[in-house]
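Let's take a walk through this protein, from its charged pairs to its empty spaces. Have the model open as you read.

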Amino acid sequence: MSVQLITATDPAHANIARIRLDDGRANSFNPESLAALEVALIEAARADAVVIEGRAGFFSGGLDLKRLPGMSRAELSAVIEQFTRTMMLAWTLPRPGVASITGHALGGGAILALAADLRYAADGSFRFSLLEVPMGIPLPGFAIGFARQAVSGAAFTELALHGRDFTPAEAHRAGISQQLCAPEALEAAVMAKAAALARLPSAAYASTKARARADAHARAHRMIEEESEDFFMAFQAFLERNRR
């Protein structure tokens, strides 16, 4: 996946870092794309607001299920650790983060979108889904925490436990996304919101966000340690089933 970090130069959008995911396909996560995304997130944290966006038609399809089956146990374990670390970076950004959901957001792609403070989505025949449970993989505790901060009640159950596919309109009605836009209007709406959020006092925002997420952050880290082997074994079993 190509990961670009762009700092907006338009005075109306000054100090907004845009992280653009675009591999021309499903924007899947593999060691190279995760490493690039991790670096981009660290650099973007210096801006006043951060936008994470995909390409037209695809935000991200999650972990690269074409590359991963051929990896050794050590390589696969390293990818899962890298994915977890990168998603936590996105969730703990000290500045406002907006996910511009330009199309399908599936599995790890949906987790990345849920890590943002806000989600704006393009309308269309797209899917927003946490695929893990239907795949026989327990959803990681940190991802459950992301989902709980984004949505509650029946929508949370359908998203996290049932692996329901939400259309952009359904996701908006459920509260998963804050605004539904025509594809051609999405970029302007996202940048306008990011520009407004960029004016918030940075120190006060960072401190309040850290305090608001402190308990969930500590719990997520405990869960990462406790769940890592179970998640790895379930994920490896899924890859084995689909390798045959």
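Is Arg-67 buried, partly exposed or exposed? Keep in mind that this is a predicted model. With a relative accessible area of 36%, Arg-67 is partly exposed. Its salt-bridge partner is Glu-32, and the closest N and O atoms of the two are 3.1 Å apart. Arg-67 sits in the loop between β6 (62-63) and α2 (73-91), while Glu-32 belongs to helix α1 (residues 31-44), so this pair ties together parts that are 35 residues apart in sequence. Glu-32 is partly exposed too, at a relative accessible area of 47%.

**Charged pairs**

Side chains of opposite charge can pair when their charged atoms come close. In this model the count comes to 11 salt bridges. Here are three of them, side by side.

| Acidic residue | Basic residue | Closest N to O distance |
|---|---|---|
| Glu-32 | Arg-67 | 3.1 Å |
| Glu-38 | Arg-85 | 2.8 Å |
| Asp-117 | Lys-209 | 3.0 Å |

Take the middle row of the table: Glu-38 forms a salt bridge with Arg-85. Glu-38 is in helix α1 and Arg-85 is in helix α2, so the salt bridge ties together parts that are 47 residues apart in sequence. How accessible are the two ends? Glu-38 is buried, with a relative accessible area of 15%, whereas Arg-85 counts as partly exposed at 36%.

Now for the bottom row, where the side chains of Asp-117 and Lys-209 meet. Asp-117 lies in the loop between α3 (108-115) and β9 (118-122), and Lys-209 lies in helix α8 (residues 202-212), so here the parts tied together are 92 residues apart in sequence. Both Asp-117 and Lys-209 are buried.

Which residues are linked in a network of salt bridges? They are Arg-18, Arg-20, Glu-53 and Glu-187.

**The nonpolar cores**

Switch over to the greasy side of things. The largest nonpolar core has 61 residues, and Ile-19 and Phe-128 are the ones that touch the most other members. The element that gives the most to this core is α2, with eight residues. Apart from it lies another core, of 17 residues, including Val-98, Tyr-120, Ala-122 and Val-190.

Phe-128 is worth clicking on. Leaving out residues up to four places away in sequence, Phe-128 touches Ile-101, Ala-105, Ala-110, Ala-113, Leu-114, Leu-159, Arg-164, Asp-165, Phe-166 and Ile-176. So what does this list mix? Alongside the nonpolar names you'll find Arg-164 and Asp-165, both of which count as charged.

**Empty space inside and at the edges**

Phe-128 turns up again in the lining of the largest cavity. The structure holds one cavity of 30 Å³ or more, and the space in the largest cavity is about 60 Å³. Besides Phe-128, the lining takes in Ile-101, Gly-103, Ala-121, Phe-126, Arg-127, Phe-166, Thr-167, Pro-168, Ala-171, Ile-176 and Ser-177. By class, that lining divides into eight nonpolar, three polar and one charged.

How about the largest pocket? Its volume is about 490 Å³. The lining of the largest pocket has 26 residues, and Ser-28, Gly-61, Gly-62, Leu-63 and Leu-65 lie nearest the centre. The elements that give two or more residues to this lining are β6, α3 and α9 (214-243). In terms of class, the pocket lining has 14 nonpolar, seven polar and five charged residues.

**Two single residues to look at**

First up is Ala-169, which is found in helix α6 (residues 168-174). At 22% relative accessibility, Ala-169 counts as partly exposed, because the buried class means under 20%. Setting aside its neighbours within four places in sequence, Ala-169 is in contact with Asp-123 and Leu-180. Ala-169 and Arg-119 are 50 residues apart in sequence, and their C-alpha atoms are 13 Å apart in space.

Then there's Asn-27, in the loop between β2 (16-22) and β3 (28-29). What is unusual to look for in its backbone? The phi of Asn-27 is near 50°, a positive value in a residue other than glycine. Asn-27 is also buried, at 0% relative accessibility.

Conventions
Residues are numbered from 1 along each chain as its sequence is written. This is a predicted model: local features need pLDDT of at least 70, side-chain atom pairs count only at pLDDT 80 or more; totals for chains, interfaces and linings use all residues. Side-chain values use heavy atoms; hydrogens and water are left out. On a 1 Å grid over the protein atoms alone, a cavity is a set of points where a 1.4 Å probe fits but cannot get out, and a pocket is an open set with protein on both sides within 12 Å along at least five of seven lines; lining residues have an atom within 4 Å of a point. Grid points are joined across faces, edges and corners, and a volume is the space filled by probe spheres set on the points. A salt bridge is a side-chain nitrogen of Lys or Arg within 4 Å of a carboxyl oxygen of Asp or Glu. Helices (H or I, at least four residues) and strands (E, at least two) are DSSP runs, numbered from the N terminus. Buried means under 20% relative accessible area, exposed over 50%, partly exposed in between (1.4 Å probe, protein chains only). Contact means heavy atoms within 4.5 Å. A nonpolar core is a set of buried Ala, Val, Leu, Ile, Met, Phe, Trp, Tyr and Cys residues joined through side-chain atoms within 4.5 Å.
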